Every structure is written in C-alpha cells, then in structure tokens.
Amino acid sequence: MAVAAERYVRISDTIGVLRDLLDRGFAFLVPSGPDEEALLEILLDASPVLDERPHILRWKDLYRLILREAYPRSLDRASRMMDPADRYLVLRWLTGTLPKDRCPSWVFDPLFPELAAPQMMEFMREEVTRRHLFAANGCESCESCPLDSPGRVLCHLFCAYQDYLRENRMADEAEMPTLTRQALEGAVPSVKLAVVGFMSFTHGQLNLLRKMIELGMGLHFLFPWIDLEGFPHGARQLNLPISRTLGEPRPPRVLRIMGIDPSHQYEELARRISLLGDEKGGIPFQGPLDQVALSVPMEDIRTLTHQLHLSLIHI
C-alpha cells in the first residue's frame, strides 16, 4: 500500500483528512495521552454517529494490536508492562545488589536510581544494546567490569535491568517500538495506521516505521508544521516527501503584556482575553479564541484555566 505524508498548521485543519481516514478503517497513533484525548474529541465532532469508538493508540497499544493481528505464535510475549514508577523501583533494588567493594560510594546514594532511570529509558528508546555499551566502556562482560566510572555503572545496571525484564517476562514502555518491530518479523498484519502529531522520532520508533514501510503496510503521516531550520522533523528522518500543507502557515503575532499587578495577574489576563476584539480589552486581535496561545509557567496553568473559565462564563 502507498505511504502518504502531509503537513498541517493547526490540528483543526486536518478534520477532513481525519474523517476520510476514519471511514477507510485507519487506526491513529499519537505521541501522548493528551494528544489521544484531543484527537478523540476531534474525531467524534467530525463523525458524531459511529459504529464503534475510533482506535487511537500509543506505542504500547500498537504493540498489542500488532500481536493480536499478526498471530506470531512463537513470539515470547511480555506478560506485564513496566511504567516509569516500576522502572525506578526495580533499579533501586538492582542498585542494592551491586558489589560495594567495586563501586564508588555515590552509587548507593538514595537519589542515584532516580537519576539512572531516565538513562535506562533513553538507552531503550534509542535501541542501545549491551554490545554498544561494552564497546564504549572498553569492557567484555559485566563480571570483569571494574565499575569505576558512571558510564560503567550505568552499563552494568542496564544489562541487569534487561536481564530482569526478560527473566520475568516483562517489558518496559520505552522499548515498545523495538518489540513491535520484532513482532513484525513473523507476519504482516492487515493494519492501516495514521501517524498523527509527531514532530520527530526516536531511533527505535524510526526503525519500526521503516519496517512497516518496507512491509508495504498502509501508513498515512500527518506532521505538524515546523518552521525551524535544520530541525530533524519526522518527514526528513523517514525521507518522505510532503504532498501538501493543510492550512496556511502564518507567523504568530507575539504580544507581551507588562505592568499587571502580580497578585492579580491571571484575573487581569483572563479579563483581557474575554474582551478580545473590544477596545476595552487592550489586546489588538480580531479572531476566534482557538487561535490564541498563552505562555505561562507550568505551575500556574491550573490557576489561569480557572480564571479564564470564570471570565468566559460572565461574558
């Protein structure tokens, strides 16, 4: 089947394409939980009457779907998925098993497993193997490793973590693309997939998508428009030509609001947003609210959302 790639400026510009893909039986792969919720809302608005709920997937859901559709009976399936909290707990236990006479003292600091967990995740996302780490650290095996540097300690922990997963028939969320690609070695499932909202891909994700393209599976990519020179966006990583751009790329107007009393800044900002287009609002903008973006500290988002809700209710 053909592989198509399009680019969009706003996700709302893709409604027609999404409706068509849904009607043609495509499942949708998205980067995160919030993207999953947003896409479901768009699809339900585009097609209010549906025979079944749209299939919106994350990487672990795609793994399960491929297993179910491909029926690779000889594949050793993972019985449980490890989430970030599980990863930390396992690494804390594995750190306690390291030989104290061969390790620096900082390895046994209570914070070390918390620092090591993101490194394990990156190794799996980028499909780093123990062979790569042995070569980087000049080692031949974990048994002979002196564990005298951060790199060697992380290598030892990664090997131990991988062994723990395999011995207990578990899998980490970060290695889902790799396991999915391995599942595709046994059969080609009749899955049609729309890949929506990814700016770029990890090494493991790229290898899986290249495998799916090689197998001739139905793929339709919808990439967000990125105007950053040299940015390794997904279409460039996969060497896919963009057939068209949905929506008109326009540089945003940026307005910096100064002089607001800090103790009431979000009440005042919400009031001005509610008066967009009005001379009293003080913001020279004519257009719908879905074309307005606000940049505030992460910890203040809930406060601002509450104030916006109150202001818009009383318009």
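# Close-up views of the model

**View A. C139 is a buried cysteine, at 13% relative accessibility.** Buried means under 20% relative accessible area, exposed means over 50%, and partly exposed lies in between (1.4 Å probe, protein chains only). This is a predicted model, in which local features need pLDDT of at least 70 and side-chain atom pairs count only at pLDDT 80 or more, while totals for chains, interfaces and linings use all residues. Residues are numbered from 1 along each chain as its sequence is written, and side-chain values use heavy atoms, with hydrogens and water left out. C103 is also a buried cysteine, with a relative accessibility of 11%. How many disulfides does the count come to? It comes to zero, where a disulfide is a pair of cysteine sulfur atoms within 2.5 Å. A disulfide is a covalent bond between the sulfur atoms of two cysteines.

**View B. R152 sits in helix α7 and touches C139.** Helices (H or I, at least four residues) and strands (E, at least two) are DSSP runs, numbered from the N terminus. Is R152 buried or exposed? R152 is buried, at 18% relative accessibility. Set aside its neighbours within four places in sequence. R152 then contacts N137, G138, C139, C145, P146 and L147. Contact means heavy atoms within 4.5 Å. R152 also has a salt bridge to D148, with N and O 2.9 Å apart.

**View C. R80 and D86 are joined by a salt bridge, at 3.2 Å from N to O.** A salt bridge puts a side-chain nitrogen of Lys or Arg within 4 Å of a carboxyl oxygen of Asp or Glu. Side chains of opposite charge can pair when their charged atoms come close. R80 is partly exposed, with a relative accessible area of 42%. D86 is buried, at 15%. The model has 14 salt bridges by this rule.

**View D. K211 meets E185 in a salt bridge, with the closest N and O atoms 3.5 Å apart.** Distant parts of the chain are linked here: K211 is in helix α9, while E185 is in the loop between α8 (176–183) and β6, 26 residues apart. K211 is buried, with a relative accessible area of 13%. E185 is exposed, at 51%. Which residues join into one network here? E185, K211 and E214 do, through salt bridges that share partners.

**View E. W93 and Y164 belong to the seven aromatic pairs of the model.** Their rings are tilted, with 6.0 Å centre to centre and 55 degrees between the planes. W93 lies in helix α4 (residues 84–96) and Y164 in helix α7 (residues 150–167), so this pair ties together parts 71 residues apart in sequence. W93 is exposed, with a relative accessible area of 51%. Y164 is partly exposed, at 22%.

**View F. F201 and F223 form an edge-to-face aromatic pair.** The centres are 6.3 Å apart, and the planes meet at 70 degrees. F201 is in the loop between β6 (192–196) and α9 (203–214), and F223 is in strand β7 (residues 218–224), so the pair ties together parts 22 residues apart in sequence. Both F201 and F223 are buried. They belong to one aromatic cluster with W59, F198 and F221. Rings of Phe, Tyr and Trp (its six-membered ring) pair if their centres lie within 6.5 Å; planes under 30 degrees apart count as stacked, over 60 as edge-to-face and the rest as tilted.

**View G. K100 lies over the face of F108.** K100 is 5.7 Å from the ring centre. A charge sits over a ring if NZ of Lys or CZ of Arg is within 6 Å of the ring centre and within 35 degrees of the ring normal.

**View H. Six strands make an open sheet with parallel pairing.** The order is β3-β2-β6-β7-β1-β8. β3 (56–57) and β8 (245–246) stand at the edges, each with a single partner strand, so one side of each has no neighbour in the sheet. Strands pair if DSSP finds at least two bridges between them. Two bridges join β1 (residues 3–8) to β8, and these strands run parallel. Which residue of β8 is the bridge partner of Y8? L246 is.

**View I. The chain has 12 helices and eight strands.** Of its 315 residues, 40% count as buried. Take the contacts with a separation of 6 or more: residues 24 or more positions apart account for 74% of them.
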